[in-house]
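User: I've got a protein model open and I'd like to get to know it. Could you walk me through it, one question at a time?

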Amino acid sequence: MSKSLAKQTIPFILLLMAAIGSVFIPSMQNFDDGGKIYNGADIAWIMTATALVFLMTPGLAFFYGGMVHRKNVLSTMIKSVVAAGIVTVLWVVVGFSLCFGDSVNGIIGNPLTFLFFKGVSSGAPWAGAPTIPLTLFSIFQLMFAIITPGLVVGAVAGRIRFTSYITFIALFMLFVYAPLAHWSWHPGGFLFKMGALDFAGGTVVHISAGCAALAGALVLKRRRAHLENTEVPPANIPYVLIGTGLLWFGWFGFNAGSALGANSLAVSAFMTTNVAAGAAGLAWMFFDVIRGKKPSVLGFCIGAVVGLVAITPGAGFVAIPQSIFIGFIAAIISNIVAHKMTNSRIDDTLDVFACHGVGGMVGMLLTGIFATKTVNGAGADGLFYGNPEFFFTQFKAMAVAVVYSFTVSFLIFKLINLIQPIRVSTEEEELGLDASQHNEKYMQGTLLVTKDGITTEENAL
């Protein structure tokens with residue numbers, strides 16, 4: 001067997017080992033609450049929210065796929081969607097344990113706590129979600145883990161090998177996402193105990209993905225089009241609009257579902273999510289107009305997503321009126337950063353760092369300013385309400401997440417590059433990753449093309 005073929009069989013062998021190992025895990029009776037603990041309304045809402053969050057992954061695929069060159073549409077979309085397979089298997093085997101297993105010095109969960117989902121179905125509810133089954137809590141959290149590595153795709157689109165990105169998803173899940181989730185959301189996690197608040201994933205999801213995106217862009221270096229300052233036309237702007245709608249829709253589950261119950265806090269988080277997105281979409285679009293551009297579909301869509309990112313850490317801690325300010329400020333800052341990076345030597349293809357990384361940072365800091373116990377008694381009062389100490393707590397948590405996620409992600413990309421070339425060849429990049437990595441095309445078959453009054457049949461590109 002050649003060395004290349006041996007490497008190609010590794011993912012299959014690992015999956016085979018997981019499949020065989022799962023056979024020997026004993027089945028246990030579901031936890032019996034005696035009709036006293038579980039709440040039917042809470043279960044129904046969190047199941048709905050879980051489905052909404054999952055919908056964000058194909059939504060993200062449309063969002064990214066519509067913005068890249070048409071020769072890279074499919075390769076970009078599948079890199080987001082394939083995470084649903086990789087992360088789900090890892091989650092059952094060890095991921096849930098690393099995130100929410102018994103805390104090991106506040107750093108990571110014990111991998112043996114829920115190994116192969118042992119004891120999840122039969123276990124008592126999670127302390128922070130006492131009215132729903134532990135299994136449902138785990139599935140809800142799984143959806144967050146799925147979409148996070150999918151966010152990184154936008155920064156490295158058009159130049160990373162598919163097999164290399166699959167490896168990245170697995171390593172990122174184990175060594176970046178899981179520790180951050182444990183630190184932020186487990187009662188024993190050191191950021192949680194420090195008093196940092198992250199309602200639905202400002203650090204765990206968006207800062208981690210944004211900083212990983214920056215690391216990936218640096219390791220993979222610039223595309224040929226970026227070096228030549230060639231404008232890359234988006235393949236399908238309606239795809240971007242569809243993706244934005246699906247993301248916005250799914251984000252209601254993302255944020256409101258993080259209340260972990262059908263209650264007034266979920267309603268408040270639902271509204272802050274919508275308001276921040278709307279304000280940010282308008283702010284981005286209007287700011288572009290001030291800078292001499294025309295109002296665009298892309299501008300509103302990108303701005304709305306930035307607003308959704310920025311409100312995520314504080315959705316259940318800030319009041320509805322202040323969410324307008326959060327969306328507005330986040331959109332302006334991210335817009336400026338994206339513009340600066342476009343003219344820099346860093347090739348973040350779809351501005352993932354500017355939108356998710358910077359948006360997440362702004363959201364964490366503004367949560368430190370506008371959080372109030374009148375919205376959530378389990379939270380804290382922020383700087384705006386006379387508590388500067390909490391603002392500095394948020395700043396420290398943000399800094400930890402930025403440094404850790406960037407450093408470890410950079411090392412992961414470098415490690416993968418040592419094992420196999422992480423970047424496609426110049427010829428493959430020129431041909432497009434749809435064809436070179438997947439032997440597929442965004443548009444199949446032939447097209448009727450009319451030039452100078454003459455109609456001919458040509459192969460679709």
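## Pockets, helices and a few residues

Analyst: Sure, and keep in mind that this is a predicted model. In the largest pocket, helix H9 (224–227), helix H11 (264–290), helix H12 (297–311), helix H13 (320–342) and helix H16 (426–431) each give at least two residues to the lining. Ask away!

User: Which helix supplies the largest share of the lining of the largest pocket?

Analyst: The candidates include H9, H11, H12, H13 and H16, since each of them supplies at least two lining residues. The top contribution is 5 residues, and the helix behind it is H13.

User: What is the volume of that largest pocket?

Analyst: Let's first find our way around in there. The lining has 44 residues, and those closest to the centre are Glu231, Val232, Thr342, Thr349 and Asp351. By class, the lining splits into 15 nonpolar, 14 polar and 15 charged residues. As for the space itself, the volume is about 1,500 Å³.

User: Okay, and the second largest pocket: how many charged residues are in its lining?

Analyst: That pocket has a volume of about 1,200 Å³. Its lining is made of 31 residues, with Ile10, Pro11, Leu14, Ile166 and Thr167 nearest the centre. Sort the lining by class and you get 22 nonpolar and 7 polar residues, while the number of charged ones is 2.

User: Which helix gives the largest share of the lining of the second largest pocket?

Analyst: Four helices each give two or more residues here: helix H1 (3–23), helix H4 (83–100), helix H6 (162–185) and helix H15 (388–419). The largest share is 10 residues, and it belongs to H1.

User: Is Leu16 buried, partly exposed or exposed?

Analyst: You'll find Leu16 in helix H1. Its relative accessible area is 39%, which falls between the 20% limit for buried and the 50% limit for exposed. So Leu16 counts as partly exposed.

User: How many Å apart in space are Leu16 and Met341?

Analyst: Along the chain, 325 residues separate Leu16 and Met341. Go from C-alpha to C-alpha in space, and the distance is 43 Å.

User: What about Ala397 and Leu191: how many Å apart are they in space?

Analyst: Ala397 lies in helix H15, and Leu191 is 206 residues away from Ala397 in sequence. Still, Ala397 touches Leu191, along with Met194, Ala196, Thr203 and Met364. From C-alpha to C-alpha, Ala397 and Leu191 are separated by 6.4 Å.

User: Is Ala397 buried or exposed?

Analyst: The number to look at is the relative accessible area, which is 1% for Ala397. Buried means under 20%, so Ala397 is buried.

User: Let's look at how helices pack. In which hand does H8 cross H14?

Analyst: The two players are helix H8 (residues 202–220) and helix H14 (residues 352–370), whose axes come within 8 Å and cross at roughly 145°. On the H8 side, the residues in contact include Gly202, His206 and Gly210, and on the H14 side they include Phe353, Gly357 and Gly360. The contact has 9 nonpolar residues, 7 polar and no charged ones. The crossing of H8 past H14 is left-handed.

User: How much space is in the largest cavity?

Analyst: There are 3 cavities of 30 Å³ or more in the structure. For the largest one, helix H2 (40–65), H12 and H14 each provide at least two lining residues, and the lining includes Phe63, Val305 and His356. By class, that lining has 9 nonpolar residues, 1 polar and 1 charged. The space inside is about 70 Å³.

User: Where is Asp351?

Analyst: We've met this residue among those closest to the centre of the largest pocket, and Asp351 also lines the largest cavity. Its phi is positive, about 55°, although Asp351 is not a glycine. Its place is in the loop between H13 and H14.

User: And Asn229: is that one buried or exposed?

Analyst: Asn229 has a positive phi too, near 55°. It sits in the loop between H9 and helix H10 (237–256). Its relative accessible area is 70%, and the cut-off is over 50%, so Asn229 is exposed.

User: Last one: is Ser323 buried or exposed?

Analyst: Ser323 lies in helix H13 and touches Thr272, Val275, Ala276 and Ile311. Its relative accessibility is 0%, so Ser323 counts as buried.

Terms used
Residues numbered from 1 in each chain as written. Predicted model: local features only at pLDDT ≥ 70, side-chain atom pairs only at ≥ 80, totals over all residues. Heavy atoms only, no water. 1 Å grid on protein atoms, 1.4 Å probe; cavity = no way out; pocket = protein on both sides within 12 Å on 5 of 7 lines; lining within 4 Å. Points joined across faces, edges and corners; volume = space filled by probe spheres on them. Nonpolar A, V, L, I, M, F, W, Y, C, P; charged D, E, K, R; others polar. Axes fitted to C-alpha atoms, helices over the stretch in contact; angles between N-to-C directions. Left-handed = near helix turned anticlockwise from the far one by under 90°. Contact = heavy atoms within 4.5 Å. Buried < 20%, exposed > 50% of the residue type's maximum accessible area, 1.4 Å probe, protein only. Lists of a residue's contacts leave out its neighbours within four places in sequence.
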